[in-house]
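Me: Please go through some side-chain details of the following model with me, in questions and answers.

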Amino acid sequence: QADCFISTSLAEGHPKALIEAMSSGLACVVSDSAGHRTLIKHKETGLLLRLGSVETWVESLIQLIENLPLREFLGNQARQYAVQNLDINITLEKETDVLRQCAKTLK
């Protein structure tokens with residue numbers, strides 16, 4: 001029952017909470033960390049904001065709260081991206097491949 005998803009994380013690898021939010025069709029407002037940057041394209045699939053700019057965060061959140069068409073657009077775009085690119089089976093396969101590569105490196 002949320003209207004949007006917000007993450008001010010300093011660092012993300014594979015941000016599963018963001019993926020869940022996108023899959024749910026929520027408008028996402030996230031920090032410009034490496035993991036977020038791989039999923040969110042600013043003003044296309046969500047809002048990607050610099051940490052430390054409190055004014056920008058406040059203005060962006062107020063804009064989303066007051067602008068239902070924008071929230072719906074960003075949420076729909078996020079969901080479409082998630083459905084097309086973040087299928088659970090593909091994601092698990094990719095993560096398993098990374099773990100296999102790590103295991104080979106440790107041998």
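Me: Which side chain does Ser53 join in a polar contact, and at what distance?
Reply: Ser53 is in the loop between strand S3 (47-49) and helix H3 (54-66); helices (H or I, at least four residues) and strands (E, at least two) are DSSP runs, numbered from the N terminus. A polar contact is a pair of N or O atoms within 3.5 Å; within protein, one must be able to donate a hydrogen and the other to accept it, and residues adjacent in sequence count only if both atoms are side-chain atoms. The partner side chain is that of Thr56, at 2.6 Å.

Me: How are the values obtained, and what pLDDT do side-chain atom pairs need?
Reply: Residues are numbered from 1 along each chain as its sequence is written, and side-chain values use heavy atoms, with hydrogens and water left out. This is a predicted model, in which totals for chains, interfaces and linings use all residues, local features need pLDDT of at least 70, and side-chain atom pairs count only at pLDDT 80 or more.

Me: Is Ser53 buried or exposed?
Reply: Buried means under 20% relative accessible area, exposed over 50%, partly exposed in between (1.4 Å probe, protein chains only). Ser53 has a relative accessible area of 10%, so Ser53 is buried.

Me: Why is Cys28 in no bond with Cys4?
Reply: A disulfide is a pair of cysteine sulfur atoms within 2.5 Å, and the structure holds 0 disulfides. The closest cysteine sulfur to that of Cys28 is in Cys4, too far for a bond because the distance is 8.4 Å.
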